[in-house]
Structure formats: structure tokens, C-alpha cells
2 protein chains.
Amino acid sequence: MQRDTRQRRAIRRVFMDCGRPLTPEQILQAGQDIVPSLGLATVYRTVKAFALEGWLVEVELPGGTLRYEIAERPHHHHFLCRSCDQAFDIPQCPETVEDIAPEGFEVDGHEIILFGRCVACA
Amino acid sequence: MQRDTRQRRAIRRVFMDCGRPLTPEQILQAGQDIVPSLGLATVYRTVKAFALEGWLVEVELPGGTLRYEIAERPHHHHFLCRSCDQAFDIPQCPETVEDIAPEGFEVDGHEIILFGRCVACA
DNA sequence: ATATGTGCAAACTCTTTGCATGGAG
DNA sequence: CTCCATGCAAAGAGTTTGCACATAT
């Protein structure tokens, strides 16, 4: 991750303009509007490298495909639209959510996913 | 799903004895203790058929592999152990969790996943 | 000038499907 | 005896890797 290439700038731009978790395929589509020759393998390699660096994090939502989003955002959760399959950020968090763990289980993190229809699809 | 075969009885038994979400590979391992000739394709076909019938439901937790569990259980959530990668049921649910959705989003379901170490690994 | 990054295509892994055989009814 | 279900192996889908060429530094 030493060089600043057109492809990497394009992928960074896509995430900064978008602010939602994205699948590799979605990144490819948006990235090709900036660098048409962009290849899927480069997308996979680049998001993995960004995740290793800590600039992106993996977000695993139902649907089978791993999504990525910018890491340095406040704690938040996700909404997955059943109609358009887009993921959205939810800035809030119910503080007490980790209290439901059974006795003896050590909790070090949590994920909340809401399902339904987004504003555009509702 | 008309015939009651050794393989189907074995897979049903595995779920009833286990009471946790299982991956196809875990089902295969446990099922082969009952029917050694059991094949992975049969596991995939059978859990899909059980899910269609409504006896099983798909559970999608981080890790990439779809898991399955018995459907007719009260609403609950899941704990995923970072050490042994086993999934556990959490019988409780914070009632207010769907309130965090932004304005205009129609929520029709939710999933909560806690991460950490299970009783056995803690 | 040098070595990292890219794009293509082949390799891999996980899941699904086709087909001949086995077994439930 | 019939036809559904199984097991194997091949085919698909999504992701990763090897290699020669392009390009940032």
C-alpha cells in the first residue's frame, strides 16, 4: 500500500462520496465511472489492503456478500432494505443491548441489523 | 419431501439434540456419526427442503457460512464465540431495538448478534 | 530505473445440479 | 414395482492468486 494510483484514488473517492457499506460489485460499478479500466481483482485487493490499514472495516450483513465501509465513524448500526438490497447507517445504539448475554459469556462487541424498506422504497 | 429416509431422520436428530445454529459442515460431521455414508450434497438439499417446509430457518452470522436452526422457537438472538466459532441462542430481546431506525424507514424485523467468548472458552 | 500495482485468466472454495443407483412406500 | 432421494462428480458463483505489463516514485 505504498503507491497512490488512479485506481486507489477512485476507490477512496467512491467511499467518501457514498457513506454506506458497499459490496465489491458496487464499488466496481461506481469506481468504473472514474477509472473505466478498473478490474474486480483490484477492488478486492484494494479494499482488503484498506481494511488491513484500518481505513475500511468489513461489514457482514445477510446476503452473503461482504461489504466494506469507512472505519473512522462513530459507533453505529445498519439497516438493510429488503427491496433494493442497499445498506444504510443508523447512527443510534440502544446502550443496554449487551445485557442480554447469558451468564458466563464475555461480550466484547455487538451488531444490530434492522430489516425493512428504506425511505426510497417505502 | 415425501419420504422418511435414514438421512433425513439423522439430520432431524442432529438439530433436535443440538439446539444451536449449525453450518452444513457441522451438520455433516454430526450426521455421519449416525449415518456414516451421509453426503454433503444431501445435507444442503435437506436443510433447504426443511427450510422451505418451515421446520428450519436460515441464520446468517459473520463467517460467510449460512447456518440453520429449528424454526419454531420463541424470538431470540445469537452469540458468536470468537474462539470456537460456535453460535449460541440468547433467549432475551431488548424490546426497544427497532426504535433506532431513522425517519421514513419501515422496519419489519431485526437481528442482534453479540460477539465474545462463550462459557466454555472464557 | 526499479519495484509496486494492475488486469487478465486460471485456481480455489463453497454451493448447486445432473445422472445413475439405492431404497421407501 | 415405482418413483423419490442419495451419492458422486461435474458445473456454477464468488473470491483469490500468478504472472507479464504498466506506472508511481
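The surface near DNA strand C is made up of 5 nonpolar, 7 polar and 7 charged residues; here Ala, Val, Leu, Ile, Met, Phe, Trp, Tyr, Cys and Pro count as nonpolar, Asp, Glu, Lys and Arg as charged, and the others, Gly among them, as polar. This is a predicted model, in which local features need pLDDT of at least 70 and side-chain atom pairs count only at pLDDT 80 or more, while totals for chains, interfaces and linings use all residues. Residues are numbered from 1 along each chain as its sequence is written, chains are lettered from A and ligands numbered from 1 in the order in which they are written, and side-chain values use heavy atoms, with hydrogens and water left out.

Staying with strand C, 19 residues surround it, and the closest are A:Q2, A:T42, A:R45, B:R3 and B:Y44; a residue is near a strand if one of its heavy atoms lies within 4 Å of it. Sugar or phosphate accounts for 67% of the atoms of DNA strand C within 4 Å of the protein, and bases for the rest. Some of the polar contacts (pairs of N or O atoms within 3.5 Å) go to the backbone of the DNA. A backbone N or O atom of A:M1 sits 3.3 Å from a phosphate oxygen of DNA strand C, and a backbone N or O atom of B:D4 also lies 3.3 Å from a phosphate oxygen of this strand. The side chain of A:R45, on the other hand, goes for a base: one of its N or O atoms is 2.8 Å from a base nitrogen of DNA strand C. The elements that give two or more residues to this surface are α1 (6-18) and α3 of chain A, along with α3 of chain B. Helices here are DSSP runs of H or I with at least four residues, strands are runs of E with at least two, and both are numbered from the N terminus. The largest share, 4 residues, comes from α3(B).

What about DNA strand D: how many residues surround it, and which are the closest? The count is 20, with A:Y44, B:Q2, B:R8, B:T42 and B:R45 the closest. They divide into 5 nonpolar, 7 polar and 8 charged. Of the strand D atoms within 4 Å of the protein, 72% belong to sugar or phosphate and the rest to bases. A:D4 brings a backbone N or O atom to 3.2 Å from a phosphate oxygen of strand D. Bases of strand D are reached too: a polar side-chain atom of A:R45 lies 3.3 Å from a base oxygen, and a side-chain N or O atom of B:R45 is 2.7 Å from a base nitrogen. Here α3 (40-53) of chain A and both α1 (6-18) and α3 (40-53) of chain B supply at least two residues each, and α3(A) gives the largest share, 4 residues.

As for chain A itself, there are 3 helices and 5 strands, running α-α-α-β-β-β-β-β along the sequence. Strands β1 (residues 56-60) and β2 (residues 66-70) of chain A run antiparallel, joined by 5 bridges; two strands pair if DSSP finds at least two bridges between them. A:E58 has A:Y68 in β2(A) as its bridge partner. Between these strands the hairpin has 5 residues, and A:G63 takes a positive phi near 125°.

Technical notes:
A polar contact is a pair of N or O atoms within 3.5 Å; within protein, one must be able to donate a hydrogen and the other to accept it, and residues adjacent in sequence count only if both atoms are side-chain atoms.
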